[in-house]
Each structure stands twice: as C-alpha cells, then as structure tokens.
Amino acid sequence: MRRILSAALAALCTLGPITSAPAAAESAPLKECGGVNLFDALPPDEQAALSARAESAPFATGNFWQAERDGQEMTIIGTYHLADSRHDAVVTAAEPLIRDAAALLVEAGPDEEKALKTAMTEDPSLIFITEGPSLLERLPAETWERLSAAMETRGIPPFMAAKFQPWYAMSVLSLSPCEMPSAGTPRGLDSALIGTATEAGIPIRALEPYDTVFSIFGAMTPDQETDMIESTLLMEGRSGDFTVTLADLYFRGESRVIWELTREVSYDLPGATPEQVDAEMAMMEDAMMNRRNRAWIPVIDAAAAEGTGPLVVAFGALHLSGEEGVLNLLAQEGWTLTPLEF
C-alpha cells in the first residue's frame, strides 16, 4: 500500500518547488521539454468519469477567487509552481491587485527562503544522508541501478545521488530532465507574484513555517521512504507527460482533475487495489494538503482582521478544492467566494 503513497507524492511535488537544485544539475545540458497530455489521451468516457469524480468536490474548478466578509476583501490565486509562459497573463492581471493590497500572503516568502537556505547550509542532513548507509546501500541493487540511471539523465552523478535523503531523491525524480537546469531558480507563478509585491513595496507574509516540508517527510518510516523511491521510479520515462498534463489541467482551471488522475494512475500500479489506493490518497491528502490548509486559515483570518486593506493570497492550486480545501474552509468561516477570470 505504501507504494501508492509515493505515486501521489510524485505528482504533487511537480506542483510544488523542490527546496533547491543540486549543483551538478545546474550545469546539465538542457533537454527539449515535451510530452503527451495523459488526460486528453484517455477515451472520452474515461475523461468524463474523472471529471465527474473531481467535480464532486467543493470548489472543484477555477484558480482565481474573490472572498468577502464583513467588509474584508481578498483575492485568492491558486498557483502552479513551475515556469510557464502562460503565467504572464495572470501576472499582468494580478499586478494592480497586488499594488493595492495591504499584504501578499504566500506559502513561503523571501524570508522563509532565506531561512531554508540557512538551515540547509548549517544542517546538510536535511537533504543529504550524513550518517549511516547511503541509498546505494539501502536500496535493492536493481532499484539503485534504475535510480542512478534516472539521476544521470538529470545531470546528477550517482555518487551524489547516493547521499540524497529519500524524499529529496523523489522530489528530483518528479521533475523531468529538461526542467533540471532551472530547478534551483524559482520561476513559477508564486515567484512572479512575490517579485511584483517586492517591486511595489508590498509586505509579503508566509502562510507556514519554512521547515514544513521537513516535518511532512520526516514522519515517514524507512520502509515508506524506500517504497516512495520504488514507486516514483515506476513513472520514470513519463515525467515529461506528467509535466505537460499537470500544467495543461492547471491552466484550464481543473486542478482537482490532477488529483483524480493521480488516483487513476495509481490504480494501475503493480500490486495496487482500489481500496489501498483510496486509503493512501486519503492519507496523502490529509498530510500534504488538509493539515496545512487548516493551519493557514487562522493566518489568513488574522491578516484580514487587521483591516488595513485588501489581501492577495497565493498558494498551490491543489489546496483550493475539497471538503477541507482552503475555499471550503473559508466559506465555513463566513467568507463569500466568487470566481474570477484572469
């Protein structure tokens, strides 16, 4: 069952930036990006079934929302964390809103990024194995061979990959080889919005502490970590397809379909059963999204209660929908949500 967890993690991390890119990868030759939209390649009846399952969740579609409560206002922007030229239109539309805002709230701002880099410099064990057996020694020989080959296609030599913490290895694998040269430079929508706020002198606040990612993955057992790598490798060779699919669905405002497509792909993994997949997906949704969503609501409410002006709140689009998605939680707190078109 743990292998299903890893498949979901791989898809989710494609929507969230890895903490930093290995230095070796930064000099890797740029490979042409490309891939097939896996959702569009499905038969129409399967597409309809996935869309229906996604639409059963509250606030299933739409990336941009206006929220109002008792004279308080905020614009909510669901983001895609990787670079894409289609972000330009969103940044243009959001710029006047940010310039008029009392603050921009994001998952992690410049201060958190700085704290993260400092923490990794002072404690390399956060992303590297500094004591005990390396991945070369931990993993079955066949798994290590596939992992080292996958890392080499991303410009990372096996001796370096052997020292990666398992969650970090999985995060690197979730990026297609063509994305690796720019992985250490944030260029997604979040980064562009932060840049706009910085230029305008608008305060930037974080929704969560900089070390949240370490708390999430730090709770995994060694067996879960190994299985995480195993099942992520099952998708090797299709990373370009997943990148294209996730981006296309995001820009259509159908991010909830991403979650259901991940579920469908997981059903087809060796040894999987629907019951196992559904249980793992529920566990993953709670760990990666729901707990964080619940923690963000008091932060958002507190910023709004200051009454100094409208807010712009931006975070990964997968956090928008669902029973415990940010939008539904805000609605339960008395906020009125209205979809926006950017």
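At what angle do helix H7 and helix H9 pack, and how far apart are their axes? In this predicted model, helix H7 (residues 141-153) and helix H9 (residues 166-173) pack at an angle of about 50 degrees, and their axes are 10 Å apart. An angle from 35 up to 65 degrees is neither roughly parallel nor roughly perpendicular, so H7 counts as oblique to H9. If you look at how the two pass, the crossing is left-handed. On the H7 side, the contact uses Leu-147, Ala-150 and Met-151, and on the H9 side Ala-169, Val-172 and Leu-173. Sort those residues by class and you get six nonpolar, no polar and no charged.

Now let's move along the chain to another pair of helices. Helix H3 (residues 44-55) and helix H14 (residues 255-267) have axes that come within 8 Å and cross at roughly 125 degrees. That angle makes H3 oblique to H14. Here the crossing is right-handed. Which residues of H3 do the touching? They are Leu-50, Ser-51, Arg-53 and Ala-54, and they meet Arg-256, Val-257, Glu-260, Leu-261, Arg-263, Glu-264 and Tyr-267 in H14. By class, this contact has five nonpolar, one polar and five charged residues.

H14 has a second partner to look at, helix H15. The axes of H14 and H15 come within 9 Å and cross at roughly 140 degrees, and the two helices are therefore oblique to each other. Their crossing is right-handed. From H14, the contact takes in Arg-256, Trp-259, Thr-262, Arg-263, Ser-266 and Tyr-267. From H15, Pro-274, Val-277, Asp-278, Met-281, Met-284, Glu-285 and Met-289 join in. Count by class and you find seven nonpolar, two polar and four charged residues. Take a look at Arg-256 in H14: this residue is part of the contact with H3 and also part of the contact with H15.

Next comes the sheet. How many strands does it have, and in what order do they sit? Six strands form an open sheet, running S4-S3-S5-S2-S1-S6, with mixed pairing. As a general point, strands of a sheet pair through backbone hydrogen bonds, either parallel or antiparallel. At the edges of this sheet stand strand S4 (204-206) and strand S6 (336-339). Each has a single partner strand, so one side of each is left without a neighbour in the sheet. From one strand to the next, the twist averages 25 degrees.

For a closer look at one pair, try strand S3 (residues 103-106) and strand S5 (residues 311-316), which pair in the parallel sense over four bridges. Within this pair, Val-106 stands opposite Ala-314 in S5. And here H15 comes back into the story: this helix (residues 274-305) packs on the sheet, touching strand S1 (64-69), strand S2 (72-79), S3, S4 and S5. The direction of H15 makes about 165 degrees with that of S5.

So how far can you lean on the model? Across the chain, pLDDT averages 86, and 88% of the residues score at least 70. Two stretches call for some care. Over residues 1-19 pLDDT stays under 50, although the model has 72 contacts beyond four places in sequence for them. Over residues 26-32 pLDDT also stays under 50, and there the model has twelve such contacts.

Note on methods: Residues are numbered from 1 along each chain as its sequence is written. This is a predicted model: local features need pLDDT of at least 70, side-chain atom pairs count only at pLDDT 80 or more; totals for chains, interfaces and linings use all residues. Side-chain values use heavy atoms; hydrogens and water are left out. Axes are lines fitted to C-alpha atoms, for helices over the stretch in contact, and angles run from 0 to 180 degrees between N-to-C directions. Angles under 35 degrees count as roughly parallel, over 145 as roughly antiparallel, 65 to 115 as roughly perpendicular and the rest as oblique. A crossing is left-handed if the near helix is turned anticlockwise from the far one by less than a right angle, and right-handed if clockwise. Contact means heavy atoms within 4.5 Å. Ala, Val, Leu, Ile, Met, Phe, Trp, Tyr, Cys and Pro count as nonpolar, Asp, Glu, Lys and Arg as charged, and the others, Gly among them, as polar. Two strands pair if DSSP finds at least two bridges between them. pLDDT is the predictor's confidence in each residue, from 0 to 100.
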